[in-house]
Amino acid sequence: MTDSQRGGGTSLSFEVFPANTQVGTKKLIQTLNELQDLQPHFISVTCSNNKANIEETTVKIADYVTNTLRIPTIAHLPAAYLSKQQVSTILGQLEKLGIRHVLALRGDIVEGIPPKRDFSYASDLVTFIQEQAPYFDISGACYPEIHPDSDNRISDIKHLRKKVEAGCSQLITQLFFDNEQFYQFKEGCSLAEIDAPILAGIMPIINRKQALRLIKVSSSQLPKKFLAILEKYEHNPVALRDAGLAYAIDQIVDLVTQGVAGIHLYTMNQSDTARQIHQATKSLFQTTERLGV
Ligand code: FAD
């Protein structure tokens with residue numbers, strides 16, 4: 001049985017990130033207002049790994065999504081640089097606002113800045129939340145093409161299983177451009193008896209800057225078909241955008257057809273991209289079932 005058959009439909013959700021400037025925040029609010037019409041199952045709000053004022057960034061945006069837009073929200077929580085006390089405070093702030101779903105993350109370890117010792121891995125955070133605030137729903141991150149710190153797929157999946165057993169109700173993947181990598185990963189999870197629903201993270205590549213950055217830093221496999229688009233339309237912004245959107249839509253159609261539990265769209269804070277993808281694929285998604293706010 002596929003994930004979508006088991007869960008009664010495929011979900012569509014969005015990721016946004018808090019902006020660094022006032023102008024960026026104003027634009028993000030506008031984006032969020034526009035995303036509301038698309039009735040996502042939830043919107044997740046990222047959180048910088050190494051910033052002190054989570055209350056002013058992630059918590060504030062999550063509050064807006066939950067309490068102004070009335071859309072279920074997942075607040076990302078990378079904990080490598082937080083103490084248990086700090087995590088308790090953030091959970092308390094979220095709970096007060098009616099936000100009871102977090103994406104429990106370790107976060108990247110920044111070179112030259114030693115992490116705190118309270119949460120060595122995301123599974124430590126999941127266990128802590130289960131003990132301290134068991135009414136929180138917890139999602140976890142996963143990596144179809146293996147987390148870069150991992151030596152091999154087997155150990156990565158073994159650690160993932162531990163994280164799910166600690167209390168994750170669902171997993172969200174790192175972005176990927178080759179669906180075959182996702183299907184192989186899913187098979188590995190099934191063999192390891194990881195049965196949490198896995199939402200596929202999809203990022204439409206719609207401009208040259210984004211494409212070049214991706215080629216430079218990405219640890220994901222970039223299929224020939226995808227690289228050909230980047231090469232051919234590198235200097236034609238309109239065509240690159242059209243082809244990038246079409247590529248993402250093609251990935252989504254294939255994933256949904258093969259029974260993926262959900263699509264989590266990395267929106268890059270652009271509502272028009274999300275809208276165009278939604279317009280092209282909306283009949284594939286179940287829009288009524290939402291996570292409880
Ligand atoms: P973990 O699950 O702890 O895994 C990290 C590594 O440790 C893996 O290689 C794993 O195999 C290994 N490992 C796990 N447990 C053990 C163990 N017991 N013993 C030995 N090794 C172990 N980062 C941010 O800073 N902010 C965000 O908002 C954010 N959002 C994200 C959203 C998604 C959907 C994804 C996929 C990633 C996101 N990240 C974010 C990036 C993430 O923080 C980094 O990839 C980070 O390096 C790993 O975090 P994790 O929670 O996956 O770590």
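Select Ile146 in this predicted model. Ile146 sits in the loop between β5 and α6. Is Ile146 buried or partly exposed? With a relative accessible area of 25%, Ile146 is partly exposed, because the range for that class runs from 20% to 50%. Check the backbone while the residue is selected: phi of Ile146 is near 75°, a positive value in a residue other than glycine.

**A second positive phi**

Go next to Gln39, in the loop that runs between α2 (22-36) and β2 (43-45). Gln39 is another non-glycine residue with a positive phi, here near 50°. Its relative accessibility is 41%, so Gln39 counts as partly exposed.

**The ligand and its shell**

Now display the ligand and select the residues around it. The shell holds 26 residues, and the closest of them are Cys47, Asp108, Tyr143, Ser150 and Asp156. Colour the shell by residue type: 11 residues are nonpolar, 9 are polar and 6 are charged.

Then colour by secondary structure. At least two shell residues come from each of β3, β4 (101-105), β5 (137-142), α6 (153-167) and β6 (170-173). Which element supplies the largest share of the shell? Helix α6 does, with 4 residues.

Three side chains are worth labelling for their distances to ligand oxygen atoms. In Tyr143, an N or O atom of the side chain is 2.7 Å from an oxygen atom of the ligand. In Lys163, a polar side-chain atom lies 2.8 Å from a ligand oxygen. In His76, the corresponding distance from a polar side-chain atom to an oxygen atom of the ligand is 2.9 Å. The ligand taken alone exposes 970 Å², of which the protein buries 86%.

**His76**

Keep His76 selected and hide the rest of the shell. His76 belongs to strand β3, residues 73-78. His76 has a relative accessible area of 7% and is buried. Besides the approach to the ligand, the side chain of His76 makes a polar contact of 2.8 Å with the side chain of Ser44. Expand the selection to contacts, leaving out neighbours within four places in sequence. His76 is then in contact with Glu15, Ser44, Val45, Thr46, Cys47, Thr58, Leu103 and Leu105. Cys47 in that list is also among the residues closest to the ligand.

**Helix α5 and Ser123**

Select helix α5, residues 122-132, and show its buried side: Ala122, Ser123, Leu125, Val126, Phe128 and Ile129. What covers these residues? The cover includes β3, α4 (84-96), β4, β5 and α6.

Zoom in on Ser123, which is found in α5. Ser123 is buried at a relative accessible area of 10%. Apart from residues up to four places away in sequence, Ser123 touches Lys163 and Ala166. Lys163 is the residue already labelled for its 2.8 Å distance to a ligand oxygen.

**Ala192**

Move to Ala192, in the loop between α7 (179-191) and β7 (198-202). Although placed in a loop, Ala192 counts as buried, at 16% relative accessibility. Beyond residues up to four places away in sequence, Ala192 touches Ile157 and Arg161. Draw the C-alpha distance from Ala192 to Ile157: the two residues are 35 apart along the chain and their C-alpha atoms are separated by 7.4 Å.

**The nonpolar cores**

In soluble globular proteins, nonpolar side chains tend to be buried together. The largest nonpolar core here has 67 residues, and Leu32, Val87, Leu255 and Ile263 touch the most other members. Helix α10 (residues 237-257) gives the most to this core, with 6 residues.

Centre the view on Leu255. Not counting residues up to four places away in sequence, Leu255 touches Phe176, Asn179, Phe182, Tyr183, Ala200, Ile202, Val260 and Ile263. A second, separate core has 14 residues, including Met203, Leu222, Phe226 and Tyr247.

**Asp272**

The last stop is Asp272, in helix α11, residues 271-281. Asp272 has 36% relative accessibility and counts as partly exposed. How far from Asp272 is Thr31 in space? The C-alpha atoms are 8.4 Å apart, with the two positions 241 residues apart in sequence numbering.

How values were computed: Residues numbered from 1 in each chain as written. Predicted model: local features only at pLDDT ≥ 70, side-chain atom pairs only at ≥ 80, totals over all residues. Heavy atoms only, no water. Buried < 20%, exposed > 50% of the residue type's maximum accessible area, 1.4 Å probe, protein only. Polar contact = N/O pair within 3.5 Å; in protein donor to acceptor, adjacent residues only side chain to side chain. Contact = heavy atoms within 4.5 Å. Near = heavy atom within 4 Å. Areas by Shrake-Rupley, 256 points an atom, 1.4 Å probe, with all protein chains shown as cover. Nonpolar A, V, L, I, M, F, W, Y, C, P; charged D, E, K, R; others polar. Core = buried A, V, L, I, M, F, W, Y, C linked by side-chain atoms within 4.5 Å.
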